[in-house]
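Work through the exercises below with the structure open beside you, and try each task before reading its solution.

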Amino acid sequence: MPTSFAICRDGEPVPGSLKGAVAAIGNFDGVHRGHRHLLSMALTSGRPAAVVTFEPHPRTFFQPDRPLFRLTPEPVKLAIFARLGLAGVFQRRFDASLAALTAAGFVDVLAQDLELSGVVIGHDFHFGRGREGNPARMMELCRERGLDCIIAPAVIEGTEPVSSSAIRAALEAGDIATANRLLGYRWFVRAEVRHGDKRGRVLGYPTANMRLPDDCRLRHGIYAVRASVGGKIVDGVASFGRRPTFDNGAPLLEVHLFDFAGDLYGQVLDVEFVGWIRGEERFDGVEALIVRMDRDSVEARRMLADDKTVSLIG
């Protein structure tokens, strides 16, 4: 595992630790099992292993009126890359200039600007202006420039390739089990704990309140969760939604940590989702809500005790 993790953005010189790297190329939203198959090929190349990725997501550039549910916003994606043992990441700004590059021009950037020695791409990778480049073209252009090129096959789950789209659909349905199986780890979010209305304390369930990105389309409901707090993993139960019993306001993630007492305001927490308990409901009164929250906590503890999924937090 590298002793440091380098991030090289547009206009910055290539760090010495990334010169001659073999880089996996893609958007890598979710850094799921299929993505990590590409990364494993770079990691076993015998040379520094890196990633070439893009911000904003190209779909956001081409379709700005269609918000994209990002599984791993930039800070989370970079944190995962660092934990996987890569030497670093080349993060390219996806703008009109990059979109206008020909397939040959794009490979010139890889060989000359990024000083790569090889690339790893997926079987369905397209690149260059109008998506003119495909894996066969990448192989040809790399050969001309003295770069190695590895084309990775799809990772199949059932009869379908593992994909970011399938994971988004699972999270939108509240199907945490499927999302985590496709990811190969527990999906997690990162956000700052904010002051709320302190209602949870009155109910006997104090919560850490966190605002998730506006594009988050996780199904509103109750979840078994774990959070990284001060280097320790703490079990809990969380609600994501609009609180219909009270104000039906903006979506908020409210995390109740079991057997924990402390001030978390202003801290940035990683919260991973272990299981789906139920959908968001409106209760006729506080007493009925507390009874259901008690049941939710029991179910969350059971799920957490049984869960064996890989964690990438902490």
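## Exercises on a predicted model

**Exercise 1.** Describe the lining of the largest pocket by residue class, and then place that pocket in the structure.

*Solution.* The coordinates come from a predicted model, and they should be read as such throughout. Sorting the lining by class gives 20 nonpolar, 14 polar and 6 charged residues. The space enclosed by the largest pocket comes to about 1200 Å³. Its lining comprises 40 residues, of which Gly26, Asn27, Asp124, Phe125 and Arg131 lie closest to the centre of the pocket. Turning to the elements, those that supply two or more residues to this lining are helix 1 (33–43), helix 2 (58–62), helix 4 (96–99) and helix 7 (164–172).

**Exercise 2.** Determine how the axes of helix 5 and helix 6 cross, and identify the residues that make the contact.

*Solution.* Two packed helices are described by the angle between their axes and the distance between the axes. For helix 5 (residues 103–113) and helix 6 (residues 135–145), the axes come within 10 Å and cross at roughly 50 degrees. This angle makes helix 5 oblique to helix 6, and the crossing by which helix 5 passes helix 6 is right-handed. On the side of helix 5 the contact is made by Ala103, Ala104, Phe106, Val107, Asp108, Leu110 and Ala111, while helix 6 contributes Met138, Leu141, Cys142 and Arg145. Divided by class, this contact of helix 5 with helix 6 holds 9 nonpolar and 2 charged residues, with no polar ones.

**Exercise 3.** Decide whether helix 7 and helix 8 are roughly parallel or antiparallel to each other, and describe their contact.

*Solution.* Begin with the geometry: helix 7 and helix 8 (residues 176–183) pack at an angle of about 155 degrees, with their axes 7 Å apart. Angles over 145 degrees count as roughly antiparallel, and helix 7 and helix 8 are therefore roughly antiparallel to each other. Helix 7 passes helix 8 in a left-handed crossing. Ala166, Ile167, Ala170 and Leu171 of helix 7 meet Ile176, Thr178, Ala179, Leu182 and Leu183 of helix 8, and the residues of this contact comprise 8 nonpolar, 1 polar and no charged.

**Exercise 4.** Inspect the backbone at Pro56 and at Val31, and state in which loop each residue is found.

*Solution.* Take Pro56, which is joined to Glu55 by a cis peptide bond with an omega of about -5 degrees; Pro56 is found in the loop between strand 3 (49–55) and helix 2. Val31, although it is not a glycine, has a positive phi of about 45 degrees, and Val31 is found in the loop between strand 2 (22–25) and helix 1.

Methods. Residues are numbered from 1 along each chain as its sequence is written. This is a predicted model: local features need pLDDT of at least 70, side-chain atom pairs count only at pLDDT 80 or more; totals for chains, interfaces and linings use all residues. Side-chain values use heavy atoms; hydrogens and water are left out. On a 1 Å grid over the protein atoms alone, a cavity is a set of points where a 1.4 Å probe fits but cannot get out, and a pocket is an open set with protein on both sides within 12 Å along at least five of seven lines; lining residues have an atom within 4 Å of a point. Grid points are joined across faces, edges and corners, and a volume is the space filled by probe spheres set on the points. Helices (H or I, at least four residues) and strands (E, at least two) are DSSP runs, numbered from the N terminus. Ala, Val, Leu, Ile, Met, Phe, Trp, Tyr, Cys and Pro count as nonpolar, Asp, Glu, Lys and Arg as charged, and the others, Gly among them, as polar. Axes are lines fitted to C-alpha atoms, for helices over the stretch in contact, and angles run from 0 to 180 degrees between N-to-C directions. Angles under 35 degrees count as roughly parallel, over 145 as roughly antiparallel, 65 to 115 as roughly perpendicular and the rest as oblique. A crossing is left-handed if the near helix is turned anticlockwise from the far one by less than a right angle, and right-handed if clockwise. Contact means heavy atoms within 4.5 Å.
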